[in-house]
Amino acid sequence: KQRCSTKPSQPAVATERGIPSHAEAGAPWEWTSTTKNALRGIVTVVQFAYHSVRFFLAFIAVLGGVLKFRRATATSSASAHTILPFPWVWKAINHLWKKGFGQEL
């Protein structure tokens, strides 16, 4: 049996995001492939530069946080006199803690 049919079979053509395939668009394969690869390369370079800048800025922010933490934990900072906002809140918390656990914070 030769499996002949009256209707010719259509080749299955996959499309990306609803864009017509090269066979449907009638464009030469080499031109569209080269353009698409070039655009993908440009997009890759732009995304790499964007993420590199974001990484650099995040790294600077983390370094700033570490330096602030180191400066705040220095022995000279420990002797600084601090003024607590809302002292009545802190006294109430300390009182409840002392009542519950038997020692002050």
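Helices and strands are here taken as DSSP runs, of at least four residues for a helix and at least two for a strand, and they are numbered from the N terminus. In this predicted model, the protein reads α-α-α-α along its sequence, with 4 helices and 0 strands in total. Of its 105 residues, 2% count as buried, and the aromatic residues described below are exposed or partly exposed, as the value given for each one shows.

**Overall surface**

- The accessible surface of the protein comes to about 10400 Å², and 66% of this area belongs to carbon and sulfur atoms.
- A nonpolar surface patch of about 980 Å² is made by Leu-84, Phe-86, Trp-88, Trp-90, Ile-93, Trp-97, Phe-101 and Leu-105.

**Helix α4 and its end**

- Helix α4 covers residues 87–101, which is 15 residues, and it spans 21 Å from its first C-alpha to its last, close to the 21 Å expected at 1.5 Å a residue.
- After α4 comes Gly-102, a residue with a positive phi, near 85°.
- Trp-88, one of the residues of the nonpolar patch, has its place in helix α4, and it counts as exposed because its relative accessibility is 62%, where exposed means over 50%.

**Aromatic pair in helix α2**

- A pair of aromatic rings is described by the distance of the centres and the angle of the planes.
- The count of aromatic pairs comes to 2, and one of them is formed by Phe-55 and Phe-59, which are stacked with 6.2 Å from centre to centre and 20° between the planes.
- Both Phe-55 and Phe-59 lie in helix α2 (residues 29–72), where they are 4 residues apart, about one turn of the helix.
- Phe-55 counts as exposed at 58% relative accessibility, whereas Phe-59, at 43%, counts as partly exposed.

**Aromatic pair in helix α4**

- The ring centres of Trp-97 and Phe-101 are 4.4 Å apart and their planes stand at 40°, so this pair is tilted, given that planes under 30 degrees apart would count as stacked and those over 60 as edge-to-face.
- Trp-97 and Phe-101 both belong to helix α4 and are likewise 4 residues apart, about one turn of the helix.
- Trp-97 is partly exposed, with a relative accessible area of 35%, while Phe-101 is exposed, with a relative accessible area of 58%.
- Trp-97 and Phe-101 are also among the residues that make the nonpolar surface patch of about 980 Å².

Definitions and conventions:
Residues are numbered from 1 along each chain as its sequence is written. This is a predicted model: local features need pLDDT of at least 70, side-chain atom pairs count only at pLDDT 80 or more; totals for chains, interfaces and linings use all residues. Side-chain values use heavy atoms; hydrogens and water are left out. Buried means under 20% relative accessible area, exposed over 50%, partly exposed in between (1.4 Å probe, protein chains only). Accessible areas come from the Shrake-Rupley method with a 1.4 Å probe; for residues, only the protein chains shown count as cover. The expected span of a helix is 1.5 Å times one less than its number of residues. Rings of Phe, Tyr and Trp (its six-membered ring) pair if their centres lie within 6.5 Å; planes under 30 degrees apart count as stacked, over 60 as edge-to-face and the rest as tilted. Patches are made of residues with over 30% relative accessible area and no salt bridge: like charges are joined within 9 Å, nonpolar side chains (Val, Leu, Ile, Met, Phe, Trp, Tyr) within 5 Å. A salt bridge is a side-chain nitrogen of Lys or Arg within 4 Å of a carboxyl oxygen of Asp or Glu.
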